[in-house]
Amino acid sequence: MPAHGSVPPATSRLSPLPPEPSGYDRGATVDIPLDDFKTKEKELKAKEAELKRREQDLKRKEDAIARSGIVLEEKNWPPFFPIIHHDIPNEIPIHLQKIQYVAFTSFLGIVVCLLWNLVAVTTAWIKGEGPTIWFLAVIYLISGVPGAYVMWYRPLYRAMRTDSALKFGWFFLAYMFHIAFCVFAAVAPPIIFKGKSLT
């Protein structure tokens with residue numbers, strides 16, 4: 001038993017390392033052909049030069065587009081399936097934004113109105129009306145929504161953004177036609193289409 005205060009001698013319980021394989025030489029070199037490296041280096045430099053050339057071409061085109069005044073519009077609305085460009089807070093001057101929001105609400109109103117028309121006509125068809133009214137309601141929906149967007153909402157949006165008198169004129173002309181159609185649909189006289197296609 002060791003004396004009080006002395007430390008017992010250290011003993012190792014680790015097993016010794018296995019011997020190195022006999023075929024392994026620490027001084028051996030690995031022969032890698034330099035031709036492969038040079039070929040790959042040339043290929044990479046060629047690809048890099050091509051990418052730089054394409055980047056310069058793209059930059060030149062973007063600069064030309066920016067100088068010409070063409071605005072590239074990124075589709076961002078509706079958020080779940082973007083099909084149109086719509087950014088009132090960032091593109092429309094502050095004093096015109098309220099009017100633009102009212103116009104946008106009007107556009108959404110025609111979308112809802114034509115969808116409701118389709119639902120009502122479908123119900124009428126189930127109750128015994130002929131299929132002709134349903135097909136007319138589908139035509140109103142398919143042509144009315146994109147027609148309203150292209151004919152009056154987009155020209156108004158662009159007119160508000162650019163303050164263009166020509167675009168404002170086109171908007172007023174197309175919107176008067178649109179209001180006339182809405183009045184015709186509300187009255188639904190049996191002049192052109194008899195029945196309940198405009199429910």
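**Figure 1. Ring pairs build an aromatic cluster in this predicted model.** Ten names are worth finding in this view: Trp-77, Phe-104, Phe-107, Tyr-149, Trp-152, Tyr-153, Tyr-157, Phe-171, Phe-172 and Tyr-175 are linked into a cluster by ring pairs. Over the structure as a whole, the tally of aromatic pairs is 15.

**Figure 2. The largest nonpolar core brings together 32 residues.** Phe-107, Trp-152 and Tyr-153 have the most contacts inside this core. Helix 3 (97-126), helix 4 and helix 5 each contribute at least two of its residues. Helix 4 gives the most, with 14 residues. For general background, nonpolar side chains in soluble globular proteins tend to be buried together. If you have just come from Figure 1, you will recognise these names, as Phe-107, Trp-152 and Tyr-153 also belong to the cluster linked by ring pairs.

**Figure 3. A close look at Tyr-153 and the residues it touches.** Which residues does Tyr-153 touch, once those up to four places away in sequence are set aside? The list is His-86, Ile-88, Gln-100, Ala-103, Phe-104, Phe-107 and Ala-148. Two of these partners, Phe-104 and Phe-107, are joined with Tyr-153 in the aromatic cluster as well.

**Figure 4. His-178 sits in helix 5 and counts as buried.** Is His-178 buried or exposed? Its relative accessibility is 14%, so His-178 falls in the buried class, for which the limit is under 20%. Leaving out residues up to four places away in sequence, His-178 touches Ile-110, Ala-148 and Trp-152. Ala-148 also appears in the contact list of Tyr-153, while Trp-152 is among the residues with the most contacts inside the largest nonpolar core.

**Figure 5. Phe-168 in helix 5 and its contacts.** Apart from neighbours within four places in sequence, Phe-168 is in contact with Leu-156, Ala-159, Met-160 and Asp-163. A handy distance to check on your own screen is the one between the C-alpha atoms of Phe-168 and Tyr-157, which comes to 9.3 Å. Along the chain, these two residues are 11 residues apart.

**Figure 6. A nonpolar patch on the surface, made of Val-150, Met-151, Trp-170, Leu-173 and Met-176.** Together, these residues have about 490 Å² of accessible area. Helix 4 (131-162) and helix 5 (165-187) each supply at least two residues of the patch. Which helix gives the most to the patch? Helix 5 does, with 3 residues, and Leu-173 is found in that helix.

**Figure 7. Asp-57 forms salt bridges with Arg-53 and Arg-60.** In the bridge to Arg-53, the closest N and O atoms are 3.0 Å apart; in the bridge to Arg-60, the corresponding value is 2.3 Å. Both pairs lie in helix 1 (residues 34-68): Asp-57 and Arg-53 are 4 residues apart, about one turn of the helix, and Asp-57 and Arg-60 are 3 residues apart, again about one turn. Asp-57 is partly exposed because its relative accessible area is 23%, and Arg-53, at 40%, is partly exposed too. Arg-60 has a relative accessibility of 53%, so this residue counts as exposed, the limit being over 50%.

**Figure 8. A salt bridge between Glu-91 and Arg-161.** The side chains meet at 3.3 Å, N to O. This pair links distant parts of the chain, with Glu-91 in helix 2 (residues 88-91) and Arg-161 in helix 4, 70 residues apart. Arg-161 is partly exposed, with a relative accessible area of 23%. Elsewhere, salt bridges that share partners join Glu-50, Arg-53, Arg-54, Asp-57 and Arg-60 into one network. The count of salt bridges comes to 8.

**Figure 9. The protein chain as a setting for the close-ups, with 5 helices and 0 strands.** Read along the sequence, the pattern is α-α-α-α-α. Of the 199 residues, 22% count as buried. The accessible surface comes to about 16000 Å², and 67% of that belongs to carbon and sulfur atoms. Among contacts with a separation of 6 or more, residues 24 or more positions apart account for 52%.

Definitions and conventions:
Residues numbered from 1 in each chain as written. Predicted model: local features only at pLDDT ≥ 70, side-chain atom pairs only at ≥ 80, totals over all residues. Heavy atoms only, no water. Patch = residues over 30% accessible without salt bridge, like charges linked within 9 Å, V, L, I, M, F, W, Y side chains within 5 Å. Areas by Shrake-Rupley, 256 points an atom, 1.4 Å probe, with all protein chains shown as cover. Salt bridge = Lys/Arg side-chain N within 4 Å of Asp/Glu carboxyl O. Phe/Tyr/Trp six-rings, centres within 6.5 Å; stacked < 30°, edge-to-face > 60°. Core = buried A, V, L, I, M, F, W, Y, C linked by side-chain atoms within 4.5 Å. Buried < 20%, exposed > 50% of the residue type's maximum accessible area, 1.4 Å probe, protein only. Contact = heavy atoms within 4.5 Å.
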